[in-house]
Amino acid sequence: MIVGIFFGAASLITRNKPNVDAIRTVFLALLAACSLHVAMDLTQNESVQLLWPFRTPRYSADWVAHFDLWILLILVAGALLPQLLALVTEEIGAKSKAPRGRIGAVLALLAVFVYIGARFVLHGDAVAMMEARTYRGELPRRVAAFAESGSPFHWRGIVETERAFLDIDVDLARVSSFNPDSSIVSYKPETSPALEAARNTETARRFLQAARFPKAGIEKTTSGFRIELRDFQNRRAGHFGWRVLAIIETDDNAGVIHQELAWDPSSREVWWE
């Protein structure tokens, strides 16, 4: 598709006349746009498979929210303010020879870069704050800070300890109010043959490639056990999009009798609300 856009735009610009400089300009513009798109995706909470299909790991910096209100406002201001200023200039009789909107676009882009840089610093502060505390008497094994759209100072923290996952709000504007005991706790199930069998399935392997904080739930059934794997990162209702879970069913002897990846019903309810 990108190649088609490139040749189509090149033909449009050159009007079917060979022009190496125009083609080079279009190519560089497309390359810059694609690179910026990928870079912006990597800064978000939603992970991306950067090297797919050659490698499956997913990458995410967690600096900005999937939908960041402040970036939207900056871009809207960069698009509208030059138009408003141009109208004012025309009213007073002056005319600018420069392309309308270029300065506004450049300033908006620079403002977005500064904003993301500030988010990077604040993300490091949030992670350091969580790593320096104990949770229910346990040290953190892994921590992550996810950006919230409303305020650059407000982050959603997830902590994994030996026995549990914890969901906690981190407000960098009020550091003294940070209380690890206010976190929402979800304890891990005890190790069992059925759980180990579920983790060794192909379905679980595929799920674990995408889940950053996989949380298992196990329940007894009439024929054995039902194990569900969910990403603890997605437990809040405001998470973007539909969520996937892995379902593995075993018999009483931990033999796998069914496995599948399915849409989480709760995420469908949130999506359609």
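Trainee: In this protein, what share of the contacts with a separation of 6 or more comes from residues 24 or more positions apart?
Mentor: The model is predicted. Contacts with a separation of 6 or more form the base of the figure, and residues 24 or more positions apart are then counted within it. Their share is 49%.

Trainee: How many helices and strands does the secondary structure of the protein come to?
Mentor: Helices and strands are both DSSP runs, counted from the N terminus. The protein comes to seven helices and eight strands.

Trainee: What percentage of the residues in the protein is buried?
Mentor: A residue is buried when its relative accessible area is under 20%. The protein has 273 residues, and the buried part of them is 32%.

Trainee: How much area does the protein expose, and what part of it do carbon and sulfur atoms supply?
Mentor: The exposed area of the protein is about 16900 Å². The part supplied by carbon and sulfur atoms is 62%.

Trainee: Which helix gives the largest share of the nonpolar patch?
Mentor: The patch covers about 650 Å² and is made by L36, I103, V106, L107, L109, L110 and F113. Six residues of the patch come from one helix, spanning residues 102-131. That helix is α4.

Trainee: Is L109 buried, partly exposed or exposed?
Mentor: L109 has its place in helix α4. Its relative accessible area is 36%, and the class in between runs from the buried limit of 20% to the exposed limit of 50%. L109 is therefore partly exposed.

Trainee: How many residues apart are D68 and R119?
Mentor: The side chains of D68 and R119 meet in a salt bridge, at 3.3 Å from N to O. The pair links distant parts of the chain, with D68 in the loop between α2 (20-43) and α3 (69-91) and R119 in helix α4. D68 and R119 are both buried. Their separation is 51 residues.

Trainee: Why does the salt bridge of E160 and K188 tie together separate parts of the sequence, and how far apart are they?
Mentor: The side chains of E160 and K188 meet at 2.8 Å, N to O. E160 belongs to strand β2 (residues 154-160), whereas K188 belongs to the loop between β4 (184-187) and α5 (193-199), so the pair joins parts whose separation in sequence is 28 residues.

Trainee: Which class, buried or partly exposed, does E160 fall in, and which does K188?
Mentor: The limit for buried is under 20% relative accessible area. E160 is at 10% and so counts as buried. K188 is at 23%, so the class of K188 is partly exposed.

Trainee: Which residue's side chain makes a polar contact with the side chain of T161?
Mentor: T161 sits in the loop between β2 and β3 (164-171), and at 0% relative accessibility it counts as buried. Leaving aside neighbours within four places in sequence, the residues in contact with T161 are Y135, E138, L139, P140, R141, L166 and K188. The polar contact between side chains, at 2.8 Å, is with E138.

Trainee: In what sense do strands β5 and β6 pair?
Mentor: Strand β5 covers residues 214-220 and strand β6 covers residues 224-231, and seven bridges pair them. The two form a hairpin with three residues between them. In this pairing G217 stands opposite E228. The sense of the pairing is antiparallel.

Trainee: Which residue in β6 stands opposite E219?
Mentor: The side chain of E219 also meets that of its β6 partner in a salt bridge of 3.9 Å, N to O. E219 is partly exposed at 43% relative accessible area, and the partner is partly exposed at 21%. The residue opposite E219 is R226.

Trainee: Which residues do salt bridges that share partners join into one network with E219?
Mentor: The salt bridge of E219 and R226 belongs to this network. The other members are E228, R230 and E249, so named with E219 and R226 under the salt-bridge rule of 4 Å. Joined with E219 are R226, E228, R230 and E249.

Trainee: What is the bridge partner of E228 in β7?
Mentor: β6 pairs with strand β7 (residues 244-251) in the antiparallel sense over six bridges. In β7, the partner of E228 is I247.

Definitions and conventions:
Residues numbered from 1 in each chain as written. Predicted model: local features only at pLDDT ≥ 70, side-chain atom pairs only at ≥ 80, totals over all residues. Heavy atoms only, no water. Patch = residues over 30% accessible without salt bridge, like charges linked within 9 Å, V, L, I, M, F, W, Y side chains within 5 Å. Areas by Shrake-Rupley, 256 points an atom, 1.4 Å probe, with all protein chains shown as cover. Helix = DSSP H or I, 4+ residues; strand = E, 2+ residues; numbered from the N terminus. Buried < 20%, exposed > 50% of the residue type's maximum accessible area, 1.4 Å probe, protein only. Polar contact = N/O pair within 3.5 Å; in protein donor to acceptor, adjacent residues only side chain to side chain. Contact = heavy atoms within 4.5 Å. Pairing = 2+ DSSP bridges.
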